[in-house]
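Q: I should like to learn how to read empty space and helix packing in a protein model. May we work through an example together?

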Amino acid sequence: MMIEPHPSRIYLMRHAQAASSAASGRDFDRTLSDQGYAEAELVADKAIDLGYAPDCLISSTAIRCRQTAEIVRRTVRESLEIEFVDALYNSMPEIYATIIAGQSSNASVMLVGHNPSIDQLLEGLIGSAARRLALAGGYPTAGIAVLDYAPDRSQEGSGWILHDFVKP
């Protein structure tokens, strides 16, 4: 999977753990569970401690993603704006890649989205072998894949390598 033009770093974050159902009955309206809030806070703090701070933050409009993105924004810097994109809810990983590619003016982009799309995008960028090695148990809620563009070190030819994975 290609992202052209590409930022130098991508952060792919799966939303934190959500409540099992919403009062409305709609999946879109599910909020973070208490554990989800704790996960998001912990991962955001870990990411900042490691020096990870995106220039651009893009999130699905689903409530659980909005809440996760807001926690990240507050942790990174209050002035960081969040761009909410409807197309990230129930979409294919190619849509995620297109949205990232549209952020060419930013050196680093964080995308807060959903599984399985976020996991499929990661695999498409770094290859299935590297993805299996990094996340044998699957893509955890609130997990952040940190990808760097390094075509000389990429094994799958996409140019992307998994630099780190931050888990709750």
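Q: How do the residues of the lining of the largest cavity divide into nonpolar, polar and charged?

A: This is a predicted model, in which local features need pLDDT of at least 70, side-chain atom pairs count only at pLDDT 80 or more, and totals for chains, interfaces and linings use all residues. Residues are numbered from 1 along each chain as its sequence is written, and side-chain values use heavy atoms, without hydrogens and water. The lining of the largest cavity has 9 nonpolar residues, no polar and no charged.

Q: What is the volume of the largest cavity, and which residues line it?

A: Rolling a probe the size of a water molecule over the atoms shows where empty space is left. A cavity is a set of points on a 1 Å grid where a 1.4 Å probe fits but cannot get out, and lining residues have an atom within 4 Å of a point. Here the largest cavity has a volume of about 40 Å³. Its lining consists of Y11, A44, A47, Y52, P54, V72, V76, M110 and I144.

Q: At what angle do the axes of helix α3 and helix α4 cross?

A: The axes of α3 (residues 93–101) and α4 (residues 117–126) come within 8 Å and cross at roughly 70 degrees. That makes α3 roughly perpendicular to α4 (65 to 115 degrees). In their contact (heavy atoms within 4.5 Å), P93, Y96, A97 and I100 of α3 meet S117, I118, Q120 and L121 of α4.

Q: Which residues of α3 are buried?

A: Buried means under 20% relative accessible area, with a 1.4 Å probe and protein chains only. In α3, the buried residues are P93, Y96, A97, I99, I100 and A101.

Methods. On a 1 Å grid over the protein atoms alone, a cavity is a set of points where a 1.4 Å probe fits but cannot get out, and a pocket is an open set with protein on both sides within 12 Å along at least five of seven lines; lining residues have an atom within 4 Å of a point. Grid points are joined across faces, edges and corners, and a volume is the space filled by probe spheres set on the points. Ala, Val, Leu, Ile, Met, Phe, Trp, Tyr, Cys and Pro count as nonpolar, Asp, Glu, Lys and Arg as charged, and the others, Gly among them, as polar. Axes are lines fitted to C-alpha atoms, for helices over the stretch in contact, and angles run from 0 to 180 degrees between N-to-C directions. Helices (H or I, at least four residues) and strands (E, at least two) are DSSP runs, numbered from the N terminus. Angles under 35 degrees count as roughly parallel, over 145 as roughly antiparallel, 65 to 115 as roughly perpendicular and the rest as oblique. Buried means under 20% relative accessible area, exposed over 50%, partly exposed in between (1.4 Å probe, protein chains only).
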